[in-house]
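The exercises below ask for short readings of a single protein model. Each task is followed by a solution in steps.

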Amino acid sequence: IDGSSYIAMPALVNAHTHAAMVAFRGRAEDLPLQDWLERHIWPAEKKEINPRFIFENTKKAIREMQKNGIRIFSDMYFFEEEVARAAKTMKMHVVIGEGILDFPTPSAKNAGEALKITERLIKKYKNDPYVKVAIAPHSIYTVSRENLIEAKRLAKKYNTLFHIHLSETKFEFDQCRKKNKCTPVEYLDKLGLLDEKAVLAHCVWLTEKDIEILAKRKANVVHCPLSNLKLGSGIAPVPKMIIAGVNVCLGT
């Protein structure tokens, strides 16, 4: 094989996805996150999502990822068993995370049920060559303090990743400061949730102190530039995080 015009490199990792959401691509454009989620995406999910929806649309997302050199992705969504089935069908490596929220989702009545689903998935895929399981609470504004702590307890019990959206928007940042008298990063740190197993999606709105905490705790940040720009969330301080020694990954 003449490789003189090619680059040999490791496969890419997509560290934060909601893969089946390719089905919603193009819907509700030019809106900030809260509007996009609460008025458009959550109602659409309630109406349209079922196991078959997840399986078929995840396969579409995997085809797109494979075409672009991605060979492993970390997913946070609903009916994650179907995400695992799609990944195995297409020989794709995946870290699945059943979305944990305090209110009803397409696949669980509440956070407690989502945690039970997650534990069942951990046991089911314990020795699977393609599938690993993360604990995936949605965010600090959709999951209570108690349920965040319970989610981390489960992650520690099985020594697995703790995958969460964090400090994505100025709205989230300001609301956390108002409610908890601290930043979102400081809030998770006070709850004892930040360590080398923490995977924090977005982290757009950070203070200098936040970046120091992330580096000290060896937490992993997933930078999602297209998502941040689509929703007008802002520009994450990626260079500052890298200089401080934070492990910054990429996600879609």
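A residue counts as buried when its relative accessible area is under 20%, as exposed when that area is over 50%, and as partly exposed in between. The model is a predicted one.

**Exercise 1. Classify H202 and C203 by burial, and describe their backbone.**

Step 1. H202 has its place in strand β7. Its relative accessibility is 3%, so H202 counts as buried.

Step 2. C203 is found in the loop between β7 and α8 (208–217). With 0% relative accessibility, C203 is buried as well.

Step 3. H202 has a positive phi of about 90° although the residue is not a glycine. For C203, also not a glycine, phi is positive at about 45°.

**Exercise 2. Describe the overall fold in terms of secondary structure, dimensions and burial.**

Step 1. The secondary structure comes to 10 helices and nine strands. The radius of gyration is 18 Å, close to the 18 Å that the globule rule gives for 252 residues, so the protein is as compact as a globular protein of that length.

Step 2. Taken along the principal axes, the box filled by the C-alpha atoms is roughly 55 × 50 × 40 Å.

Step 3. Of the 252 residues, 52% count as buried. The exposed area is about 12,900 Å², and carbon and sulfur atoms supply 55% of it.

Step 4. Take the contacts between residues at least 6 apart in sequence: 68% of them join residues at least 24 apart.

**Exercise 3. Find the charged side chains and the salt bridges of the whole structure.**

Step 1. The protein has 39 positive and 30 negative side chains. The centres of the two sets lie 3 Å apart.

Step 2. Side chains of opposite charge can pair when their charged atoms come close. The cut-off for a salt bridge is a side-chain nitrogen of Lys or Arg within 4 Å of a carboxyl oxygen of Asp or Glu.

Step 3. A search of the whole structure finds 18 salt bridges. The next exercise takes up individual pairs.

**Exercise 4. For the pairs E29–K230, D35–R39 and K152–D195, give the N to O distance, the location and the exposure of each partner.**

Step 1. E29 and K230 form a salt bridge through their side chains, with 2.5 Å from N to O. E29 lies in the loop between β1 (12–17) and α1 (33–48) and K230 in helix α9 (residues 225–230), so this pair ties together parts that are 201 residues apart in sequence. Both partners are partly exposed: E29 has a relative accessible area of 41%, and K230 has 34% relative accessibility.

Step 2. D35 and R39 meet in a salt bridge at 3.7 Å, N to O. Because they are four residues apart in helix α1, about one helical turn separates D35 and R39. D35 is partly exposed at 27%, whereas R39 is exposed, with a relative accessible area of 59%.

Step 3. In the salt bridge of K152 with D195, the closest N and O atoms are 3.0 Å apart. This pair links distant parts of the chain, 43 residues apart: K152 is in helix α5 (residues 145–157), and D195 is in the loop between α7 (184–190) and β7 (198–202). K152 counts as buried at 3% relative accessibility, and D195 counts as buried at 17%.

Step 4. Beyond these pairs, R52, E56 and K59 are joined into one network by salt bridges that share partners.

**Exercise 5. Which residues is N57 in contact with, leaving aside its neighbours within four places in sequence?**

Step 1. Locate the residue: N57 is found in helix α2 (residues 51–67).

Step 2. Check its exposure: the relative accessible area of N57 is 8%, so N57 is buried.

Step 3. With those neighbours set aside, the contacts of N57 are A19, A20, V22 and A23.

**Exercise 6. Locate E186, classify its burial and list its contacts outside the local sequence.**

Step 1. E186 is found in helix α7. Its relative accessible area is 14%, which means that E186 is buried.

Step 2. Leaving aside neighbours within four places in sequence, E186 is in contact with K209, D210 and I213.

Step 3. For a distance across the model, take E186 and L231, which are 45 residues apart along the chain. Their C-alpha atoms are separated by 24 Å.

How values were computed: Residues are numbered from 1 along each chain as its sequence is written. This is a predicted model: local features need pLDDT of at least 70, side-chain atom pairs count only at pLDDT 80 or more; totals for chains, interfaces and linings use all residues. Side-chain values use heavy atoms; hydrogens and water are left out. Helices (H or I, at least four residues) and strands (E, at least two) are DSSP runs, numbered from the N terminus. Buried means under 20% relative accessible area, exposed over 50%, partly exposed in between (1.4 Å probe, protein chains only). The radius of gyration is taken over C-alpha atoms; the globule rule is 2.2 Å times the number of residues to the power 0.38. Contact means heavy atoms within 4.5 Å. Accessible areas come from the Shrake-Rupley method with a 1.4 Å probe; for residues, only the protein chains shown count as cover. Lys and Arg count as positive and Asp and Glu as negative; His and the chain ends are not counted. The place of a charge is taken as NZ of Lys, CZ of Arg, CG of Asp or CD of Glu.
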